[in-house]
Amino acid sequence: MRREVHRGAFVRGVIAASAAAWLGLSLGCGVEPSADAGDASAEAGRIVRKSASAMTSAEIDRFKRAYEYAVAEGFFDVFNDEHYDHHRNRHHGADLQATSPITVKVMDEASGYRLLPWHRAFLLEAEQMLRAALRQRDEEEGVDPSEADLLFLPYWDAAHDQDLPHWVHGFEPKGGTAIVPPGLPEGHAGYGKAVGERYGIVFGRWPGQNQVFDTLQAPEDVGRILAKATFADFYDALDVTPELRLENYPRALSGLDVLEMKLPDSAAVQTLVDTFSQPPSGSQGGAETTNALFEIGWIGAVEARKAAPDMELFDAVKDVYSLFNFMPHVRMHLWAGGLDPANADVRGTVTYFNELTVDPVFWMLHSELDRYWYTWEKTHADKPPLEGDDRSFNPLTASEGAWYGGGETYTLDDLTAHDALPYAYDALFGE
Ligand SMILES: [Cu+2]
């Protein structure tokens, strides 16, 4: 009874805290993209990135030949290692750990603001590497290598496709190695090896097979994110804070009641009960809640894999999740990777920070996030609030990138000057 009162207060707190955001929502602000996005295609030396769903068969074939060759040759290994190295790159607001259930480790704020520019630089390096890989393959096979200049990283328009691009299903390049991270579960290819050793990647991808991340963002969700006025708010909605679906609040509460009854000893359930009874506070509390949420999601996924699942338990987990409309970044990773249908402890390759670059979905997903940002930048002058060294990005070192002509250091100014970038998109988001 008393808890009901507290929960009511929490809802009011949430409503107050997010009033501005919800107001923006109800006013239905859309972006008015400028009309010049297509002009770039005419410029020499600038590649145009297209939706993976709209590629010609020649473009798909070219991309696949480059990609499978690069994975098999181990060219992505150093990309894996750099993506995994958060000390050097400081490129995520939160690190997704390899544990089961998933846990997040919150990084400093500047690392979060570096996510988009760092990945923009990373994409440029990969695009260049793939061209060099294709040239090498073409030369080996006696094919004209000049086609490599036409290769681009496509974007995955998840909001409109609501699926993986048709040709990406079943395109699971084999090969590559990665560094063993702490916490790998039994069943994963790196399990049993010492942390820091290398292991051969076993590709996994089960789109939609994570029961609590089984939907993708809708175009309207992205529209609300593109309507954010500042970079900090735009980034936050893309990567950090889920929207609350307040209409599902009673449903989430009753789900939590069921979980409390069925799992009386669960610390995760208790954490969620506590969070739901008081206003949220601080980033540490945020991580604890997120991890508790991930844990009950895993409990639901384990239950769903049983021969005779307790559907009441499973539905209760779904009820709690119904309160959240998750950020596109985490949602795309977890949806695309999914969970092994035979073992809820093993996730798809694109969810493991240490091995995800061998899945082309990783690059298509980040091209899409980059396109969101690119679209937003067309109508907003605000830049990521970064100072000093934080404005510099060197995803691959000069020696790592030397063989393909990369390993550049990019400044924030380089990365945000659209006219000077070596690529453009065929369309802004929503065009
Ligand atoms: Cu990502």
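This report walks through one protein chain, from its overall make-up to its copper site, its packed helices and a few unusual spots.

## The model as a whole

The structure is a predicted model, in which local features need pLDDT of at least 70, side-chain atom pairs count only at pLDDT 80 or more, and totals for chains, interfaces and linings use all residues. Residues are numbered from 1 along each chain as its sequence is written, and side-chain values use heavy atoms, with hydrogens and water left out.

The chain holds 17 helices and 12 strands. Helices (H or I, at least four residues) and strands (E, at least two) are DSSP runs, numbered from the N terminus. Of the 431 residues, 53% count as buried. Here, buried means under 20% relative accessible area, exposed means over 50%, and partly exposed lies in between (1.4 Å probe, protein chains only).

How far along the sequence do contacts reach? Among contacts between residues at least 6 apart in sequence, 77% join residues at least 24 apart. A contact means heavy atoms within 4.5 Å.

## The copper site

Which residues coordinate the copper ion? The NE2 atoms of H329, H333 and H366 do so, at 2.0 to 2.1 Å. Along the chain, these donors follow the spacing H-x3-H-x32-H. H329 lies in helix α14 (residues 328–337) and H366 in helix α15 (residues 360–379), so this pair ties together parts that are 37 residues apart in sequence. Both H329 and H366 are buried. Donors are N, O and S atoms within 2.8 Å of the metal (3.2 Å for Na, K and Ca); water is not among the atoms, so sites may look incomplete.

## Helices packed against α15

Helix α15 also takes part in two helix pairs. Two packed helices are described by the angle between their axes and the distance between the axes. The axes are lines fitted to C-alpha atoms, for helices over the stretch in contact, and the angles run from 0 to 180 degrees between N-to-C directions.

Start with α8 (219–226). Its axis and that of α15 are 10 Å apart, at an angle of about 45°. That makes α8 oblique to α15. On this scale, angles under 35 degrees count as roughly parallel, over 145 as roughly antiparallel, 65 to 115 as roughly perpendicular and the rest as oblique. The crossing of α8 and α15 is right-handed; a crossing is right-handed if the near helix is turned clockwise from the far one by less than a right angle, and left-handed if anticlockwise. V222, I225 and L226 of α8 meet Y372, T375 and W376 of α15. Sorted by class, this contact has five nonpolar, one polar and no charged residues. Ala, Val, Leu, Ile, Met, Phe, Trp, Tyr, Cys and Pro count as nonpolar, Asp, Glu, Lys and Arg as charged, and the others, Gly among them, as polar.

Now for α9 (residues 231–240), where F231, F234, Y235, A237, L238 and D239 are buried. These buried residues pack against α6 (109–141), α8, α14 and α15. With α15, the angle is about 155° and the axes are 12 Å apart. That makes α9 roughly antiparallel to α15. The crossing of α9 and α15 is right-handed too. F231, F234 and L238 of α9 make the contact with L369, Y372, W373 and W376 of α15. Those residues divide into seven nonpolar, no polar and no charged.

## Two buried residues

Y155 sits in the loop between α6 and α7 (158–161) and counts as buried at 3% relative accessibility. The C-alpha atoms of Y155 and M364 are separated by 4.3 Å, although the two residues are 209 residues apart along the chain. Leaving aside neighbours within four places in sequence, Y155 has contacts that include R49, S367, R371 and Y425.

H83 belongs to helix α4 (residues 77–84) and is buried, at 1% relative accessibility. Beyond its neighbours within four places, H83 is in contact with residues including H91, H92, H119 and F362.

## Backbone details

Two residues that are not glycine have a positive phi:

| Residue | Phi | Place | Relative accessibility |
|---|---|---|---|
| R90 | about 45° | loop between α5 (86–89) and β2 | 26%, partly exposed |
| Q162 | near 50° | loop between α7 and β4 (177–179) | 40%, partly exposed |

Finally, a cis peptide bond joins S100 and P101, with omega about -5°. P101 is placed in the loop between β2 (94–96) and β3 (104–106).
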